[in-house]
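Reader: I should like a close look at the aromatic pairs of this chain and at the packing around them. Please treat the matter as one connected account.

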Amino acid sequence: MKRIVLILAMAACCVTGAKAQTAMGDPVSPADSFNAMLSGTENQMMMLVKAMPADKYGFAPSPAIFVASQKTEYAGVRTFAALVIHVTQANYAMGARLGGMKPNVDMASLAGLKDKDQIVEALAASFAFVHKSIGTMTLENAFQSLNGTVTHATLAAGNVAHTADEYGQMVEYLRMCGVVPPSSGPPAPSKAK
């Protein structure tokens with residue numbers, strides 16, 4: 001499943017670049033193309049984590065929320081907060097590998113975050129780090145190997161795919177808590193000029 005998401009993310013990147021090329025007539029740099037793709041996923045993720053009430057950050061699915069006849073196994077499932085922290089840690093790890101930069105946070109301390117505001121702030125900072133790392137990608141190094149067939153471009157796409165995958169899981173957590181995910185809600189009212 002993750003490979004399919006990765007392939008779709010790569011295809012979306014190519015389409016994004018092609019559309020920008022057609023619209024502007026100039027090529028789009030790999031950094032700009034991947035950063036634009038990440039921004040879309042980041043915006044959805046940030047709206048989602050802000051929409052989950054602070055008192056639900058400890059929520060994790062359990063058999064108790066399903067009908068008795070439905071067999072479910074949820075031992076060890078991450079809480080909502082743990083999913084957000086997981087994305088934060090993954091952003092730093094992939095960004096460090098992609099851009100060759102050291103994360104500007106104590107990675108071990110991220111696991112201990114409990115407060116919603118701190119967790120949301122840490123996630124936002126991790127996205128800024130990934131954007132900075134993607135910014136190091138050029139036409140010359142986009143497809144240079146980092147390890148075997150992993151390149152700067154595939155790692156950037158993998159970061160977007162990973163975030164999108166976790167976002168999909170987190171949407172279900174919101175729904176189980178009776179919260180409508182922001183991207184599923186009514187559109188924001190347009191501002192009159």
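Author: What follows takes the aromatic pairs in turn, then the core and the helices around them, and finally the confidence of the model.

The model is a predicted one. The chain contains six helices and two strands, arranged along the sequence in the pattern α-α-α-α-α-β-β-α. Of its 193 residues, 39% count as buried.

A pair of aromatic rings is described by the distance of the centres and the angle of the planes. Four aromatic pairs are present in the structure. One of them joins Phe59 and Tyr173, whose ring centres lie 5.7 Å apart with 90 degrees between the planes, an edge-to-face arrangement. This pair links distant parts of the chain, since the two residues are 114 apart in sequence. Phe59 belongs to the loop between helix H2 (30-51) and helix H3 (80-99), whereas Tyr173 belongs to helix H6 (residues 152-176). Both partners are buried: the relative accessible area of Phe59 is 16%, and that of Tyr173 is 6%. Because buried means under 20% relative accessible area, each of these values meets the criterion.

A second pair is formed by Tyr92 and Phe129, with ring centres 5.2 Å apart. The planes of Tyr92 and Phe129 stand at 45 degrees, so this pair counts as tilted. Here too distant parts of the chain are linked, with Tyr92 in helix H3 and Phe129 in helix H5 (residues 116-134), 37 residues apart. Tyr92 is buried at a relative accessible area of 1%, and Phe129 is buried at 5%.

The aromatic residues also associate beyond single pairs. Phe59 and Tyr173 belong with Tyr57 and Phe80 to one aromatic cluster. Two members of that cluster, Tyr57 and Phe80, recur in the largest nonpolar core, where they are listed with Val49 and Met137 as the residues with the most contacts inside it. This core comprises 46 residues. Helices H2, H3, H5 and H6 each supply at least two of its residues, and the largest share, 11 residues, comes from H3.

Val49 shows how these parts come together. Apart from neighbours within four places in sequence, Val49 contacts Tyr57 and Phe80 of the aromatic cluster. The other contacts of Val49 are with Val84, Lys116, Val120, Leu123 and Met170.

Val49 also takes part in the meeting of H2 with H5. The axes of these two helices come within 10 Å and cross at roughly 175 degrees. H2 and H5 are therefore roughly antiparallel, because an angle over 145 degrees is counted in that way. On the H2 side, the residues involved include Phe34, Leu38, Met45 and Val49. On the H5 side, they include Val120, Leu123, Phe127 and Ile134. In the chain as a whole, among contacts between residues at least 6 apart in sequence, 72% join residues at least 24 apart.

Finally, there is the confidence of the prediction. The mean pLDDT of the chain is 87, and 84% of the residues reach 70 or more. Among the elements, H5, which carries Phe129, has the highest mean pLDDT, at 98. Helix H1 (residues 2-24) has the lowest, at 48. Within its range, pLDDT stays under 50 over residues 4-9 and again over residues 17-22. For residues 4-9, the model has eight contacts beyond four places in sequence, and eight are likewise present for residues 17-22.

How values were computed:
Residues numbered from 1 in each chain as written. Predicted model: local features only at pLDDT ≥ 70, side-chain atom pairs only at ≥ 80, totals over all residues. Heavy atoms only, no water. Phe/Tyr/Trp six-rings, centres within 6.5 Å; stacked < 30°, edge-to-face > 60°. Helix = DSSP H or I, 4+ residues; strand = E, 2+ residues; numbered from the N terminus. Buried < 20%, exposed > 50% of the residue type's maximum accessible area, 1.4 Å probe, protein only. pLDDT = per-residue confidence, 0-100. Contact = heavy atoms within 4.5 Å. Core = buried A, V, L, I, M, F, W, Y, C linked by side-chain atoms within 4.5 Å. Axes fitted to C-alpha atoms, helices over the stretch in contact; angles between N-to-C directions. Parallel < 35°, antiparallel > 145°, perpendicular 65-115°, else oblique.
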